[in-house]
Amino acid sequence: MVALKSSEANSFIARPDPARPIVLIYGPDAGLVHERVEALVRVSVDNPADMFSLIRIDGDELSSNPYRLVEETSTVPMFGGRRAIWIKAGSRNIVPAVEAAINAPSPDCRVIIQAGELRKTAPLRTLCEKSKSAVAIACYADEAQDIAKVIDDELKKAGLAITPDARAALMPFLGGDRRATRGELQKLALYVHGNERVTVEDVMAVVADASAVALDNVIDAAFSGNPPGVESHFAKARGEGTAPGAIVSAALRHLSNLHRMRLAVEEGQSITGAVEGARPPIHFRRKSAIETALRAWTAAKLLDAMNSLADALFQTRLQSHLAETIAQRSLMTLAAAARKKG
């Protein structure tokens, strides 16, 4: 079975295996899917702008003529050079076309299939994972180390550094979609242009948009024991395009900060003092909710919640088709736990 792990995907895309000319790139992170498809196109043809080198085919169109793909892969280019076919899978079945190409693979033509989220049992995914001449690459919401690398890449391009506090403040706002993440970082770099580094103030001025506010609100509702707030703010966060896994991931990062503050409280510091001394700094609009959460949770309860959230995050990736339900249920469970004494 050829289903690449996330850590292997970038290496394969940089140096594709000629023995596997058919590549399926799919997943819920549409931005990352598109980014990896474009990267693979660039290494597969000499000139992506040349319509004879790069053939684009709509999946729905291909489904009505399954033999077209084999015809395209076996075509010898008039002026030589490498060729690739970029297929955007739609709602119609393209498995017969892809299967025919797999049965007659061409080492001179790479087939790149761009698709959305596919269940483990989806025929297209199963076909590519089981074939010796194909490979499947899944694209899920970025984890912390991936987000950190994207931050470094984008800011390095702009000739900018970032303070540790600013990085920590920035991380929870990113990760739902790779393209959106890069867009936010480019917007931030433009705002900071003329300076040498990004500060917390820059992050709060630029990146804390409606999606970030919705994300903060659903997390604060969960930890302060407000189930109706979780329900309404979760819907708003999803409406702003934040992925379920990204919501749980942000809740985990916030939980870690809460645990650190709660330990300070249990060692004798006041709740207000713990909040004011938090690193990264807490935005003024969140202080009341976080103080409520610190009164509702003990350090021991937060550790238990950390284990539960980590498992929920794993489940959102393992069962992507149930990710939204799993994420919302985990936050509602937190809200219920916050209301219990002891």
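The expected span of a helix is 1.5 Å times one less than its number of residues. The exercises below apply to a predicted model.

**Exercise 1.** Work out how the span of helix H13 stands against the expected value, and how many of its residues are buried.

*Solution.* Begin with the extent of the helix: H13 covers residues 244-266, which makes 23 residues. From its first C-alpha to its last it reaches 32 Å, close to the expected 33 Å. Next, taking buried to mean under 20% relative accessible area, one finds that 18 of the 23 residues are buried, and H13 is thus mostly covered. Finally, just after the helix, Gly 268 takes a positive phi of about 115°.

**Exercise 2.** Find which residues touch the most other members of the largest nonpolar core, and which helix gives the most to this core.

*Solution.* The core has 40 residues, and those touching the most other members are Phe 223, Met 261, Trp 297 and Leu 331. Several helices each supply at least two residues, including H11 (210-223), H16 (299-318) and H17 (323-339), while H13 gives the most, with nine. Leaving aside neighbours within four places in sequence, Trp 297 is in contact with residues including Phe 223, Arg 262 and Leu 334.

**Exercise 3.** Determine the order of the strands in the open sheet, and which strands lie at its edges.

*Solution.* The six strands, paired in parallel, follow the order S1-S6-S2-S5-S4-S3. The edge strands are S1 (3-4) and S3 (54-58), each of which pairs on one side only. Two bridges join S1 to S6 (residues 134-138), and Leu 4 has Ile 137 of S6 as its bridge partner.

Note on methods:
Residues are numbered from 1 along each chain as its sequence is written. This is a predicted model: local features need pLDDT of at least 70, side-chain atom pairs count only at pLDDT 80 or more; totals for chains, interfaces and linings use all residues. Side-chain values use heavy atoms; hydrogens and water are left out. Helices (H or I, at least four residues) and strands (E, at least two) are DSSP runs, numbered from the N terminus. Buried means under 20% relative accessible area, exposed over 50%, partly exposed in between (1.4 Å probe, protein chains only). A nonpolar core is a set of buried Ala, Val, Leu, Ile, Met, Phe, Trp, Tyr and Cys residues joined through side-chain atoms within 4.5 Å. Contact means heavy atoms within 4.5 Å. Two strands pair if DSSP finds at least two bridges between them.
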